[in-house]
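Reader: I would like to learn how to read a ligand site and a few backbone features in a model. Could you take me through them one at a time?

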Amino acid sequence: MNKIVAIVRDVSDALAECELSFVERSPIDLALARRQHAAYVAALESAGCEVRVAAPLPAMADAVFVEDTVVVVDELAVLTRPGAESRRGEGESMAEALRPLRPLARIEAPGTIDGGDVLRIGRNVYVGRSARSNDAGIEQLRAHLAPHGYSVEGVRTRECLHLKSAVTAVADDIVLVNPRWLADDPFGGYRRIEIDPGEEHAANALRAGDVVLYPAAFPRTAERLCAAGIDLRLLDLSELQKAEGATTCCSVLVSVRD
Ligand code: CIR
């Protein structure tokens, strides 16, 4: 039997100084952000995940968004080199959390990758060619993953932070897509659910075991997901969304043999 270990990190005191690219800065209620994060962690636990909390980094504004620091597959974990310089100090404590679980590899300069740009569906790995992830980083990721049987394909995005802002997988064969944010679309081989056009940030959903964690802020897209038989756990993530965070970004899920 496999279990899922979910690595998370508490919301930093400095969240209000987060990086922002496509979202206007607005006041963040830190206490509410922490309560919303606690509910997210509880949802992971009730989905059957074993939650482990990485070392706190109170001065690093974006440290709660652990997804960007590492790409995990069954065979190894690749520590990224995030595209935003302010985020490059987040990785070492994630390396500590991952060392017992996977052999570690690293993306080196001049390569950059944000984990939010990396969508794995089975043995297919799609990587956003965004402002955060460059071709050198994608080439290095391919060199780490191809020997283990993964294909790695760059996908151009537009007007959004990461590839997983534009597309995520909600089942083995179903993608949830905002087509307007994809400049390339190699997802024709999957069943597709398009977001409601009035909910442009709605394409980011987190599969955890048999359920999908999803923002309550996108009810019309949620209806489309429910109609397709997806079992949603709705969460209020308003304060993390103000920091341009999404649902996948606050955890790293690692499948581990029990
Ligand atoms: C950043 O711009 O890096 C953070 N404020 C948000 C990162 C969100 N990461 C993600 O969705 N994977």
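Author: Happy to; we will go through the ligand, the annotated residues and then the backbone. This is a predicted model, where local features need pLDDT of at least 70, side-chain atom pairs count only at pLDDT 80 or more, and totals for chains, interfaces and linings use all residues. Residues are numbered from 1 along each chain as its sequence is written, and side-chain values use heavy atoms, with hydrogens and water left out.

Reader: Which residues come nearest to the ligand?

Author: A residue is near a molecule if one of its heavy atoms lies within 4 Å of it. Here 16 residues surround the ligand, and Glu 19, Asp 62, Glu 67, Asp 68 and Ala 243 come nearest. The shell divides into 6 nonpolar, 3 polar and 7 charged residues; Asp, Glu, Lys and Arg count as charged, Ala, Val, Leu, Ile, Met, Phe, Trp, Tyr, Cys and Pro as nonpolar, and the others, Gly among them, as polar.

Reader: What polar contacts does the ligand make, with which atoms?

Author: A polar contact is a pair of N or O atoms within 3.5 Å. One ligand nitrogen atom lies 2.7 Å from a backbone N or O atom of Glu 19. A ligand nitrogen atom is also 2.8 Å from a side-chain N or O atom of Asp 68, and a ligand oxygen atom is 2.9 Å from one in the side chain of Arg 132. On its own the ligand has 350 Å² of accessible area (Shrake-Rupley method, 1.4 Å probe), and the protein covers 98% of that.

Reader: Which residues does UniProt list for "active site"?

Author: Such annotations may be inferred rather than shown by experiment. The unreviewed UniProt entry lists His 162 and Cys 249. They are spread over 88 residues of sequence yet cluster in space, with a largest C-alpha distance of 10.3 Å.

Reader: Where is His 162 placed along the chain?

Author: Helices (H or I, at least four residues) and strands (E, at least two) are DSSP runs, numbered from the N terminus. His 162 is in the loop between β8 (151-156) and α4 (163-166). Glu 159 lies in the loop between β8 and α4 too, and has a positive phi of about 60 degrees although it is not a glycine.

Reader: Which residues does a cis peptide bond join?

Author: Look at omega: the cis bond joins Ala 109 and Pro 110, with omega about 5 degrees. Pro 110 lies in the loop between β5 (104-106) and β6 (118-121).

Notes:
A polar contact is a pair of N or O atoms within 3.5 Å; within protein, one must be able to donate a hydrogen and the other to accept it, and residues adjacent in sequence count only if both atoms are side-chain atoms.
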